Amino acid sequence: MKSRFSVVLVALAALISLPALAAEEEKGEVSGTAQVDILHGPGYYVTGAGGWSWLSFDSSKHYDDINLDSRDVGVYDFNFDNSWIISGAIGTRLFHDILEDRDDLRGEIELAYAKYDLSSITATGSEGPIGGFPVGSSPYVDHYVGVSGDVSVVTLLANFWYDPAIEGPVVPYAGGGLGVAWVDYSVAGTSGNTGLTSIDGSKNETDFAYQLGLGVRAPLGDSVSVDVGYRWRSILMSGNANLNSNNLLIGLSLHF
């Protein structure tokens, strides 16, 4: 994971340090001014991107769709491995005839997919005698064994990005998006303390999703640009839980 993260950082540093390309237009070469035009000018673009995703699964309350063991009063933490993420988007500049000084507001529709493997389940809480709970209860921490499962996420978001009027080969942007997520998850494991209790369950659900992000874009020619960006994405799941992720993405855009 560290090696992939290092590659992303090196790529971002290389983009920021790109020198401005100066050439004569009559020779068919793209000048620095023309390069920025493909990022700020009117028209559509399509983007394909891939990267690495760090998942944070906030499961501080119970799930009705997961069969907990007899100690069903407490907190069950489901930890998932980090994984790759892929996405595709189509977008265009908005209010091209209204915004001045090369300011740019873009709108796009983005479809993304990621899948994370379950790595561990930890239960913390209290238990007590039957009929006497919570009187006489005692705290426990239980690390489950024989863990299996995963969560796959498909998001469809309407994004809005703002590109400030900055001259040069690299243009920053920031913004966010709203939309919907389709989540398919399954978890299973056996109590490490007794070996007699277990937890299991699975479900498909549709949830509200949103994201915030920033990044930089740089032209690679008269119709192609590269995009390096960060996205913080949150999915509001049922059962009072949030599926949050930090995502680093590198993409290529075709402008037309």
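The following exchange concerns the nonpolar cores and two residues of a predicted model. Local features need pLDDT of at least 70 and side-chain atom pairs count only at pLDDT 80 or more, while totals for chains, interfaces and linings use all residues. Residues are numbered from 1 along each chain as its sequence is written, and side-chain values use heavy atoms, with hydrogens and water left out.

Colleague: Which element gives the largest share of the largest nonpolar core?

Modeller: A nonpolar core is a set of buried Ala, Val, Leu, Ile, Met, Phe, Trp, Tyr and Cys residues joined through side-chain atoms within 4.5 Å. The largest one has 26 residues, and Phe78, Phe80, Val151, Val183, Ile235 and Leu243 have the most contacts inside it. Strands (E, DSSP runs of at least two residues, numbered from the N terminus) giving two or more residues to this core include E1 (44–58) and E5 (104–127). The largest share, five residues, comes from E5.

Colleague: Is Arg233 buried or exposed?

Modeller: Arg233 is placed in strand E10, and its side chain makes a polar contact (N or O atoms within 3.5 Å, one able to donate a hydrogen and the other to accept it, and residues adjacent in sequence counting only if both atoms are side-chain atoms) with the side chain of Gln211 at 2.7 Å. Buried means under 20% relative accessible area, exposed over 50%, and partly exposed in between, with a 1.4 Å probe and protein chains only. Because its relative accessibility is 5%, Arg233 counts as buried.

Colleague: What distance separates the C-alpha atoms of Ser223 and Leu254?

Modeller: Ser223 lies in the loop between E9 and E10. Its C-alpha atom and that of Leu254, 31 residues apart along the chain, are separated by 5.8 Å.

Technical notes
Helix = DSSP H or I, 4+ residues; strand = E, 2+ residues; numbered from the N terminus.
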